[in-house]
Amino acid sequence: MFGYIARRLLIMIPTMLVISALVFIIIQLPPGDYLTTLINELQAQGESGEERIAYYRELYGLDQPMIVQYFNWLWGMLHGDFGHSFEYDLPVSEVVGDRMSLTFVLNFFTILFIYIVAFPIGVYSAVRQYSVGDYSLTLIGYLGLATPNFLLALILLYIAKAYFGVDVGGLMDEQYIDAPWSMDKALSVLEHLWVPVIVIGTSGTASMIRRLRANLLDELHKQYVITARAKGLSPKKALVKYPLRMALNPFISDIGNLIPDVISGSAIVAVVLGLETTGPMLLNALLAQDIYLAGSFLMFVALLTVVGMLVSDLALALLDPRIRLGAEASK
């Protein structure tokens, strides 16, 4: 296992390099840059600002070839410098600040919500196939898959305001937005957290339930389960001993895909609910062609994806002896 982990960690290095190159190229594909937008704004106001634009272009290296800009950005990231945000006129690390921590907290609880809710429902639907509960949960699952997250957010906003007179937008009370972190601010975040967690986690929970149900049903109909029941093994042991463990393989392997899906899905919801996360910031950075801010956030999502895939693979190796023994046999 140690050799397997070492190989995976080494593979992550060229993977992140390729991703960084693709991210930088994609962000640079639209014509112009942030300073082009600034020039248009100055001209619309009747100003030229040519000296100011030339100064910024030289200061931030935008007058250099794209390959030079990329390597400067990459070298800076390796040393903890993620570039300068043109939109905010601050270093990227200072712009992200609390937004990154709030995004991490939101998505951590969302993923936790997805697994806590999806696991028992998926197992129940498989064990009680074609029961009233199975049909009811299946209907709810299809509704969760069919309803866009932003539409559910709008519905909750309307219901909370119209019937309860409560504003569920934001991740904290207004007096804590620019205040330093304290116990009261943390409690305010927890009080506001349940609405975006439910909204963002609904579609992920529905798809996870369907996947776990299908995998477990496939295992329960295999010959080894039928033989175990015929020999008198209790239904609980016949479920937990092997079928449930085997059905959990795709359930755990989805960790790597679930993290970027939740983050990308929360961007639109964050705009609708007015959440102080990185989603709206990324959207504004892309619209303003703030290349270093947008690129740094996309690299963060890519890193989460790669790390999530590594965690899911290690969890699978611990859960399934066939994967663990296969890794040892390949040495």
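**Salt bridges and the largest pocket**

In this predicted model, a salt bridge brings together the side chains of Lys222 and Glu219, with N and O 3.0 Å apart. Lys222 also pairs with Asp218, and here the closest N and O atoms lie 4.0 Å apart. Because these salt bridges share partners, Asp218, Glu219 and Lys222 are joined into one network. The three residues can be placed by their accessibility. Glu219 is buried, at a relative accessible area of 10%. Lys222 is partly exposed at 34% relative accessibility, and Asp218 is partly exposed at 46%.

The structure holds 3 salt bridges. Another pair to look at is Asp134 and Arg213, whose closest N and O atoms are 2.8 Å apart. This salt bridge links distant parts of the chain, as Asp134 sits in helix H6 (residues 132-146) and Arg213 in helix H8 (residues 183-220), 79 residues apart. Asp134 is buried, with a relative accessible area of 1%, and Arg213 is buried as well, at 11%. In general, side chains of opposite charge can pair when their charged atoms come close.

Attention now turns to the open space in the model. The largest pocket contains about 500 Å³ of space. Its lining is made up of 21 residues, and those closest to the centre are Met77, Phe82, Met299, Phe300 and Leu303. Helices H1 (2-28), H4 (66-78), H5 (92-127) and H14 (291-319) each give two or more residues to this lining. The largest share, 6 residues, comes from H14. Sorted by class, the lining has 17 nonpolar and 4 polar residues, with no charged ones.

Definitions and conventions. Residues are numbered from 1 along each chain as its sequence is written. This is a predicted model: local features need pLDDT of at least 70, side-chain atom pairs count only at pLDDT 80 or more; totals for chains, interfaces and linings use all residues. Side-chain values use heavy atoms; hydrogens and water are left out. On a 1 Å grid over the protein atoms alone, a cavity is a set of points where a 1.4 Å probe fits but cannot get out, and a pocket is an open set with protein on both sides within 12 Å along at least five of seven lines; lining residues have an atom within 4 Å of a point. Grid points are joined across faces, edges and corners, and a volume is the space filled by probe spheres set on the points. Helices (H or I, at least four residues) and strands (E, at least two) are DSSP runs, numbered from the N terminus. Ala, Val, Leu, Ile, Met, Phe, Trp, Tyr, Cys and Pro count as nonpolar, Asp, Glu, Lys and Arg as charged, and the others, Gly among them, as polar. Buried means under 20% relative accessible area, exposed over 50%, partly exposed in between (1.4 Å probe, protein chains only).
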